[in-house]
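Hi everyone, thanks for making time for this. I have one structure to walk you through today, so let me put it on the screen.

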Amino acid sequence: MNTVRGARERARIEVTAAIKDEARRRLAAEGAAKLSLRAVARELGMVSSALYRYFPSRDELLTALIIDAYDSLGAAAEQADSRALAEGAPPRARWIAACEAVRAWALKHPHEYALVYGSPVPGYSAPADTVGPASRVGNVLIGIARAAYEGRGLALPPLPPALAPEAGRMAAEFAEGLPPAVVAALVAAWAQLAGLVSFELFGQFQGVVEERSAFFTHAAGQLAHGVGLPAV
């Protein structure tokens with residue numbers, strides 16, 4: 001009985017992977033807004049009713065793809081930071097390594113990056129279980145800033161009074177123990193990192209920036225400076 005159950009579970013895993021792979025191909029060809037379960041089923045030679053047993057709706061399939069993308073991107077940033085840390089890199093170098101890993105992942109997976117950081121998909125609202133995977137890159141950056149803060153400290157100007165309550169709320173919610181000024185700078189840096197990658201990926205640097213790798217590394221260093229990370 002266990003052998004039969006194990007075979008069924010393996011078959012389900014394989015079919016689920018095939019469905020998601022085909023959905024990614026359709027994302028690349030047509031975009032997320034046109035993703036259709038019927039079209040995915042047709043390409044796989046399945047009847048729609050069979051596919052619905054794996055993903056009852058388009059939104060559930062989109063959610064699975066979004067979680068996979070966030071997890072893959074987050075793992076890339078985490079691994080880059082772990083390698084830099086193992087090599088004895090200071091926080092600034094760890095920060096740049098993590099940012100460069102985000103860029104490299106996006107260039108390798110442009111359609112998946114667009115799914116999570118591009119235009120919202122009409123009619124789709126991401127559920128709460130995407131929040132954890134979506135936070136992985138941010139948590140890497142928070143961890144680097146925390147290590148610097150607990151070591152040599154971070155030098156940042158005080159917050160404007162109007163922003164202090166909001167920054168305090170953010171610090172209490174997802175970066176407890178860090179000063180609100182640091183957390184506000186981290187949120188801004190996270191948004192700017194996504195903007196840098198998106199500008200390159202979606203063509204806004206065309207005719208403007210030619211040496212894009214060097215430019216990105218410099219810009220990532222500027223983001224590190226904005227968070228207060230020491231130069232060495």
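I'll go from the overall picture to the domains, then to the salt bridges, and finish with a few single residues.

Before anything else, please keep in mind that this is a predicted model. The chain has 232 residues, and 41% of them are buried. Along its principal axes, the C-alpha trace spans about 60 × 50 × 40 Å. On secondary structure, we have eleven helices and zero strands, so if you read the elements from the N terminus you just say "alpha" again and again. As for the contacts with a sequence separation of 6 or more, 73% come from residues 24 or more positions apart.

Now the domains. Domain 1 covers 1–56, and domain 2 covers 59–227. Their centres, taken over C-alpha atoms, are 31 Å apart. Twelve residues from domain 1 and eleven residues from domain 2 take part in the contact. Putting a number on that interface, the buried area is about 1100 Å², with carbon and sulfur atoms giving 79% of it.

What about the charged side of that interface? The rule finds three salt bridges across it. There are also two residue pairs in polar contact between the domains, both at pLDDT 80 or more. On the domain 1 side, helix α1, residues 2–30, gives the most, with six residues. Sorted by type, the residues on that side of domain 1 come out as ten nonpolar, no polar and two charged.

Let's move on to the salt bridges. As a reminder, side chains of opposite charge can pair when their charged atoms come close. In the chain, the count comes to 15 salt bridges. Take D68 and R24: their closest N and O atoms are 2.9 Å apart. This pair links distant parts of the chain, with D68 in helix α4 (residues 58–86) and R24 in helix α1, 44 residues apart. Are these two residues buried, exposed or in between? D68 is partly exposed, at a relative accessible area of 24%, and R24 is partly exposed as well, at 22%.

Here is another pair, D81 and R94, with 2.7 Å from N to O. D81 sits in helix α4 and R94 in helix α5 (residues 91–108), so this salt bridge ties together parts that are 13 residues apart in sequence. Why do we call both partners buried? The cut-off for buried is under 20% relative accessible area; D81 has 10%, and R94 has 8%. There is a network to look at too: salt bridges that share partners join K20, D21, R24, D68 and E112.

One more pair before we leave charges: R58 and D59 meet in a salt bridge, at 2.9 Å from N to O. D59 counts as partly exposed, with 27% relative accessibility.

D59 brings me to V121, in the loop between α6 (110–117) and α7 (131–134). The C-alpha atoms of V121 and D59 are separated by 9.8 Å, although the two residues are 62 residues apart along the chain. V121 is buried, with a relative accessible area of 9%. Which residues does V121 contact, leaving aside neighbours within four places in sequence? They are A32, A33, R58, L62 and L115.

Next, back to helix α1, where you'll find R26. R26 counts as buried, at 14% relative accessibility. Outside its neighbours within four places in sequence, R26 is in contact with G31, L35, A39, V40 and E43.

Helix α1 also holds I13. Here the accessibility is 59%, and I13 counts as exposed. Between I13 and F55, which are 42 residues apart along the chain, the C-alpha separation is 13 Å.

Last stop: A148, in helix α8 (residues 136–150). A148 is buried, with a relative accessible area of 4%. Not counting residues up to four places away in sequence, A148 touches P91, G153, L154, L229 and P230. H218 is 70 residues from A148 in sequence, and the two are 20 Å apart in space, C-alpha to C-alpha.

That's my tour, and I'm happy to go back to any part of it. Thanks for listening!

Key: Residues numbered from 1 in each chain as written. Heavy atoms only, no water. Domains from an automatic or database assignment. Contact = heavy atoms within 4.5 Å. Buried area = accessible area lost by both parts, 1.4 Å probe. Salt bridge = Lys/Arg side-chain N within 4 Å of Asp/Glu carboxyl O. Polar contact = N/O pair within 3.5 Å; in protein donor to acceptor, adjacent residues only side chain to side chain. Helix = DSSP H or I, 4+ residues; strand = E, 2+ residues; numbered from the N terminus. Nonpolar A, V, L, I, M, F, W, Y, C, P; charged D, E, K, R; others polar. Buried < 20%, exposed > 50% of the residue type's maximum accessible area, 1.4 Å probe, protein only.
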